[in-house]
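Student: I have a model open and would like to practise reading its helix packing. Could we go through it together?

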Amino acid sequence: MSTSTVRRPPMTLTPRWRKLVLVVHVVSSLGWLGITMVNAVLTFTSVFTDDARRQHAAILMMEQIGGYLLLPVSLTALVSGIVLSVGTKWGLIRYKWVAIKLVLTLIAAGLTLFSLLPGIRELAAAAESTMDGVFVEAGRRVDGFYPIIVSTTMYVTMTVLSVYKPGGKTPYGRRVTATRLRDRQPAPLAGPKA
């Protein structure tokens, strides 16, 4: 009795599910960018305002918006992107642009979880413990713009990758394509024996 490996076709989403997941992915990705833009305005206000009460309000709004929305929105964008790539012809690591987007999204989600959110919470705690009318010195530092610049650059890069799809297939993607083409070719017919 011989055992053979049976190749299953890759899981693909139906058109209806693909569109639904695509909508979730686009909305969550735009939401992530939107939250970043709102935090940019609030950071700008925090750094450059002449009113300490306005600075406190900006810092506390960063925590309210970013503290509650950044993590779920970023994870939704990450998971929906993975589902889209696995459930469509693009695959997770079959094309370079998808693999790069995956890496950038993982980095952005990691930075959000381990750097940005703790920084926002620390800044908000400083605003809450600072007396009314006194500036929070940490909220007046221009280095608060670095996370915004980095994340916005990453989001724009991911958008460009999604639109232009550069780079072609990865070595893995080329192997998968070659294997599928080889498997589709009909077996040669046996000729008459001499």
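Student: Which residues of α1 meet which residues of α3?

Tutor: Keep in mind that this is a predicted model. From α1, the residues H25, W32 and N39 take part, and they meet K101, T105, A108, A109, T112 and I120 of α3. By class, the residues of this contact are 4 nonpolar, 4 polar and 1 charged.

Student: What makes α1 and α3 oblique to each other?

Tutor: Take the angle: the axes of α1 (residues 15–48) and α3 (residues 96–129) cross at roughly 40 degrees and come within 14 Å. Angles under 35 degrees would count as roughly parallel, and roughly perpendicular runs from 65 to 115. The crossing angle fits neither class, so α1 and α3 are oblique. As for handedness, the crossing of α1 and α3 is left-handed.

Student: How do you know that the reach of α1 is close to the expected one?

Tutor: With 34 residues at 1.5 Å a residue, 50 Å is expected for α1, and the helix reaches 49 Å from its first C-alpha to its last.

Student: Which helices do the buried residues of α1 pack against?

Tutor: They pack against α2 (52–86), α3 and α4 (145–164). Among the buried residues of α1 are H25, W32 and N39, which also meet α3.

Student: Why is T49 called buried?

Tutor: The cut-off for buried is under 20% relative accessible area. T49 has 9% relative accessibility, so T49 counts as buried. T49 sits in the loop between α1 and α2. Leaving out residues up to four places away in sequence, T49 touches F44, R54, Q55, F135 and R140.

Definitions and conventions
Residues numbered from 1 in each chain as written. Predicted model: local features only at pLDDT ≥ 70, side-chain atom pairs only at ≥ 80, totals over all residues. Heavy atoms only, no water. Axes fitted to C-alpha atoms, helices over the stretch in contact; angles between N-to-C directions. Helix = DSSP H or I, 4+ residues; strand = E, 2+ residues; numbered from the N terminus. Parallel < 35°, antiparallel > 145°, perpendicular 65-115°, else oblique. Left-handed = near helix turned anticlockwise from the far one by under 90°. Contact = heavy atoms within 4.5 Å. Nonpolar A, V, L, I, M, F, W, Y, C, P; charged D, E, K, R; others polar. Expected span 1.5 Å × (residues − 1). Buried < 20%, exposed > 50% of the residue type's maximum accessible area, 1.4 Å probe, protein only.
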